[in-house]
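Here are my notes on the structure, set out as numbered points for someone who is new to reading protein models. Please keep the 3D view open beside the text while you go through them.

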Amino acid sequence: MAGSSAERIGYLTRVQSFSACHRLHSVHLSDEENKEVYGKCNNPNGHGHNYKVEVTVRRKIDGVTGMVMNLTDLKRCIEDVIMTPLDHKNLDKDVPYFADVVSTTENLAVYIWDNMVKVMPPNLLYEIKIHETDKNIITYRGE
Ligand SMILES: Nc1nc2c(c(=O)[nH]1)N=C([C@H](O)[C@H](O)COP(=O)(O)OP(=O)(O)OP(=O)(O)O)CN2
Ligand SMILES: [Zn+2]
């Protein structure tokens, strides 16, 4: 029936904060090139961020449960994909993925997306948005 909840698409977002440190350094660049490209963010001592991640799922609002996705399940996915591997970690040293992938916020969004789709039903994840600082925000939709 037109206008019934079965035909309505909802976007459900859960926000999660975590803290981590990193250094911007590409294995594909020389030390000089790294300094030039990444500037202060290439400092070997690294630096930290209080990241804020918005995980958005998109689906028909279920006519029976009234949900896009049960938040209990979404929270579990976020715990497994974001908090356990990333919170209070050195991204470059503690997360194997970033051993040879530079830990920009863009690549962090890709990392989260790729791992989130593994623990969610197909075609449910819509967007990963990361606030690296109040002013630096990246959005990734799996494209
Ligand atoms: N395209 C990207 N550029 C940069 C990234 C990134 O992930 N993607 N990251 C950094 C640094 O890691 C760092 O996060 C930038 O910090 P900073 O410039 O200090 O942050 P702000 O812009 O919020 O601070 P301002 O003082 O206002 O400059 C660099 N580039
Ligand atoms: Zn940084």
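1. A residue is taken to be near a molecule if its C-beta atom, placed from the backbone, lies within 6 Å of that molecule. Please bear in mind throughout that this is a predicted model. With that cut-off, the residues around ligand 1 are Leu24, Cys41, Thr104, Thr105, Glu106, Glu132, Thr133, Lys135 and Asn136. Sorted by character, the shell around ligand 1 holds two nonpolar, four polar and three charged residues.

2. Turning to the chain as a whole, the C-alpha atoms fill a box of roughly 65 × 25 × 25 Å along the principal axes. The chain contains four helices and five strands, and, read along the sequence, these follow the pattern β-α-β-α-β-α-α-β-β. Of the contacts in the chain with a separation of 6 or more, 68% are between residues 24 or more positions apart.

3. The five strands form an open sheet with mixed pairing, and their order in it is S3-S1-S2-S4-S5. Strand S3 (89-90) and strand S5 (137-140) stand at the edges with a single partner strand each, so one side of each has no neighbour in the sheet. As a reminder, strands of a sheet pair through backbone hydrogen bonds, either parallel or antiparallel.

4. Both kinds of pairing can be followed in the view. Strand S1 (residues 9-22) runs parallel to S3, to which two bridges join it, and alanine 20 stands opposite lysine 89 in S3. By contrast, S2 and S4 run antiparallel and are joined by six bridges, with histidine 131 in S4 as the bridge partner of lysine 52. S4 and S5 are also paired in the antiparallel sense, over four bridges, and here isoleucine 130 has isoleucine 138 in S5 as its bridge partner. The connection from S4 to S5 is a hairpin through five residues.

5. Which strands does helix H2 lie across? Helix H2 (residues 71-86) lies across S1, strand S2 (47-60) and S3, and its direction is at about 20° to S1. Helix H4 (residues 105-119) also packs on the sheet, where it touches S2, strand S4 (125-131) and S5, and its direction makes about 145° with that of S4.

6. The largest nonpolar core has 23 residues, of which Val53, Ile112, Met116 and Ile128 touch the most other members. At least two residues of this core are supplied by each of S2, H2, H4 and S4, and the largest share, six residues, comes from H2. Isoleucine 128 is a good place to start looking: leaving aside residues up to four places away in sequence, isoleucine 128 touches Val53, Val55, Ala109, Ile112, Trp113, Met116 and Tyr140.

7. How much of the chain counts as buried? The share is 20% of the 143 residues. Helix H1 (residues 31-38) has eight residues and the number buried is zero, so helix H1 lies largely in the open. Following H1 comes glycine 39, whose phi is positive, near 55°.

Methods
Residues numbered from 1 in each chain as written. Chains lettered and ligands numbered in written order. Predicted model: local features only at pLDDT ≥ 70, side-chain atom pairs only at ≥ 80, totals over all residues. Nonpolar A, V, L, I, M, F, W, Y, C, P; charged D, E, K, R; others polar. Pairing = 2+ DSSP bridges. Contact = placed C-beta atoms within 7 Å. Axes fitted to C-alpha atoms, helices over the stretch in contact; angles between N-to-C directions. Buried ≥ 20, exposed ≤ 12 C-beta atoms within 10 Å, placed from the backbone. Core = buried A, V, L, I, M, F, W, Y, C linked by C-beta atoms within 7 Å.
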